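Colleague: Before I rely on the strand and core assignments here, could you take me through the reasoning behind them?

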Amino acid sequence: MFFHCFMVTYTVTTRNLTTDQSVLLEFKHQINDPHGILVDNWTTSHSFCNWTGVTCGAKHKRIKALNLPNMNLIGTIPPELGNLSFLASLNLSGNGFHGDLPGELGQLSRLKLVDLSSNFFTGEIPSSFGRLNQVSDLVLSNNNLTGAIPPEISNLLNMRTLDLASNKLYGSIPSSIYNISSLRKISLSLNSLSGKIPDGMCHHLSNLEALYLGTNELSGQIPTTINECKNLQVLALDYNQLSGSIPRSIGNLTALTELYLGGNNLEGEIPWEIGNLLNLEIFFAVDMRLTGLIPTSIGNLTNLKEIYLGPNFLEGISN
């Protein structure tokens with residue numbers, strides 16, 4: 001009985017290792033490697049665990065990381081990559097990969113890091129990515145991805161970083177994303193996203209440290225409950241179509257170091273409470289309809305390095 005169990009385990013393990021190797025060889029076949037980094041190294045003459053960019057687990061020798069950033073690799077991602085069932089880290093950033101993101105990547109239930117940024121991927125973000133429930137960092141920025149952000153992304157309840165900036169995404173931001181309390185960074189800037197920022201956006205985001213929504217087509221007002229994102233260090237809402245006034249509650253975001261509001265349709269006065277942001281280093285509020293006097297409380301901001309207030313309709317400094 002022991003011999004039979006050993007044989008079954010050995011056969012399954014061998015088959016899995018063969019699968020891992022064949023997936024990598026298929027991946028190699030799909031890409032152009034101008035510097036020969038993989039051509040000379042990814043060969044069957046030695047274990048794939050020793051191949052460049054590949055890390056295997058100590059126990060089962062299954063691939064747990066495929067990290068090949070900034071290697072000038074060109075090609076597509078084969079769907080077979082979804083068969084690397086032990087993969088926890090996938091970093092192909094800073095290369096020349098193109099084509100659609102295969103939905104089969106959603107099978108990689110152990111993935112914690114996905115960084116496919118700074119490539120030339122097109123098509124939509126697969127809804128199957130909503131099954132990557134171990135992911136802490138999902139980084140797809142600086143590509144040519146289109147379509148809407150799939151609402152299934154909000155299933156990733158362990159996510160700390162969501163970075164989809166600099167793509168061609170459109171439609172509204174799924175409000176359920178703002179329920180992911182583990183998030184530290186949301187970066188959706190430089191897209192064509194529309195709709196309003198929900199009033200209760202910050203109810204579950206007390207851990208959020210950076211919110212980048214700039215250069216989109218967002219409308220409506222800045223939520224007065226923005227102060228509930230109490231750990232925010234960077235708030236970038238610039239170059240949208242936001243209206244109304246700057247909420248006084250923004251003065252409660254005392255961890256803020258960078259505040260970008262310019263290029264919107266905001267009007268009214270700069271609230272006196274802005275002087276409570278004692279850690280503020282950058283205040284960007286150009287190209288709007290701000291009126292009245294600049295509050296003297298800005299003089300409290302002794303860490304301020306850059307301030308941009310024009311053109312507006314401001315009249316000077318209040319007493």
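Colleague: What makes strand 12 and strand 14 a pair?

Modeller: In this predicted model, three bridges join strand 12 to strand 14 (residues 192-196), and the two run parallel. Pairing requires at least two bridges, so the three found between strand 12 and strand 14 qualify them as a pair. Within this pairing, Ser172 stands opposite Ser194 in strand 14.

Colleague: How do you know that strand 10 pairs with strand 12?

Modeller: Strand 10 (residues 146-147) and strand 12 (residues 168-172) are joined by two bridges in the parallel sense, and because the requirement is at least two, that count satisfies it. Thr146 stands opposite Lys168 in strand 12.

Colleague: Why is the set that includes Leu138, Leu140, Leu235 and Leu259 called a nonpolar core?

Modeller: The term applies to buried residues of nonpolar types, Leu among them, joined through side-chain atoms within 4.5 Å; the largest such set here has 86 residues, and Leu138, Leu140, Leu235 and Leu259 are those with the most contacts inside it. Helix 1 (2-30), strand 2 (54-56), strand 3 (63-67) and strand 22 (289-294) are the elements that give two or more residues to this core, with the largest share, three residues, coming from helix 1.

Colleague: Which residues is Leu259 in contact with, leaving aside its neighbours within four places in sequence?

Modeller: Leu259 is in contact with Leu235, Ile250, Ile274, Leu277, Leu280, Ile282, Phe283 and Phe284. A second, separate core of seven residues includes Tyr260, Ile282, Phe284 and Val286.

Technical notes:
Residues are numbered from 1 along each chain as its sequence is written. This is a predicted model: local features need pLDDT of at least 70, side-chain atom pairs count only at pLDDT 80 or more; totals for chains, interfaces and linings use all residues. Side-chain values use heavy atoms; hydrogens and water are left out. Buried means under 20% relative accessible area, exposed over 50%, partly exposed in between (1.4 Å probe, protein chains only). Helices (H or I, at least four residues) and strands (E, at least two) are DSSP runs, numbered from the N terminus. Contact means heavy atoms within 4.5 Å.
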